[in-house]
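Biologist: Please take one helix and go through it closely. I would like to know which residues face inward, which face outward, and what lies around them.

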Amino acid sequence: FPAKHGAQKENQPSDEIVLLAVENMLYGESTTQDLIAAVTLLEMALKHSPFNPYIKLRLIDFYGKLHGYDRCWSLFRDLGVKHIQCDSISYVILPLCLKGGLYNKVLMVANEILKFHNSTLRDSGEYTNRAMENGTWSKADEFVKFQRDRLNNSLALLEAKGLTMDIAPLMTGSEIGSAYGI
C-alpha cells in the first residue's frame, strides 16, 4: 500500500522481499542494464515505503555505480542523518560526491562532522564537570574515556578536516558560504 502523508514511518512488509530480489538479481557480475532494472525496482519500492533507510542506502550504492551523483545526494539527505550518524555514515556519500564534483556538498558534510565534534567536545566537558560535582566519578571517567578513545580518534573527523583543506581553495567565497550555511 502506498504510504500517505502522516502515515506511519515503519517499513512495509514487502520491503525485505524487494531488497532480497534486488540482491538476487545482481548476484555475481552485473551489467548496466541489471543495475538500471534494480534501481527501477527499488525506486518503485521507495514510493511505497518512503521512509525505509535500507532501500535508500541500496539506491545510493546503485546510483553511485551508474554515476547518478545528484540522486545519491538527494537520497542521502532524505535519510535525515544527524549528529553522530553523520560521523559514522559519511563514508557512503563523501566518495560519491567527490567523484561527481559536488564539492559544495562535500563541504556541507564535512562541516556537519566538524560541528558535531566541536559541540560534543564542549558538551562532554560540561557533563564531566556536572558528574564530578554530583560525586559520580565513574560517570565522569566514562565521559573522558569516550571523548579521548572514540571521538578524538574518529577517521571521519580526520577526513572532514582534510577534505575541507583540500576543497576550500578550489571554491569561491559564495560557494563556501553556501556550503557552510552562511
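Modeller: This is a predicted model, and a good place to start is M165, which is exposed with a relative accessible area of 63%. That value is over the 50% cut-off, so M165 counts as exposed. M165 is found in helix α8. The C-alpha atom of M165 is separated by 9.8 Å from that of L107, and the two residues are 58 residues apart along the chain.

Helix α8 runs through residues 155-167 and has 13 residues. From its first C-alpha to its last, α8 reaches 18 Å, close to the 18 Å expected at 1.5 Å a residue. At the N-terminal end, α8 is capped by S154, where a side-chain oxygen lies 3.3 Å from the backbone nitrogen of A156.

Now the two faces. A156, L157, A160, L163, T164 and I167 are the buried residues of α8. They cover an arc of only 130° around the axis, which means that they sit on the same side of α8. On the face turned away from that buried side, α8 carries the exposed residues L155, L158, M165 and D166.

The buried residues of α8 pack against three helices: α5 (84-99), α6 (103-133) and α7 (137-151). One residue of α5 is S90. Its relative accessibility is 2%, so S90 counts as buried. Leaving aside neighbours within four places in sequence, S90 is in contact with Q85, P95, V109, I113 and A156. Of these, A156 is also one of the buried residues of α8.

Technical notes:
Residues are numbered from 1 along each chain as its sequence is written. This is a predicted model: local features need pLDDT of at least 70, side-chain atom pairs count only at pLDDT 80 or more; totals for chains, interfaces and linings use all residues. Side-chain values use heavy atoms; hydrogens and water are left out. Helices (H or I, at least four residues) and strands (E, at least two) are DSSP runs, numbered from the N terminus. The expected span of a helix is 1.5 Å times one less than its number of residues. Buried means under 20% relative accessible area, exposed over 50%, partly exposed in between (1.4 Å probe, protein chains only). The arc is that of the directions from the helix axis to the C-beta atoms. Contact means heavy atoms within 4.5 Å. A polar contact is a pair of N or O atoms within 3.5 Å; within protein, one must be able to donate a hydrogen and the other to accept it, and residues adjacent in sequence count only if both atoms are side-chain atoms.
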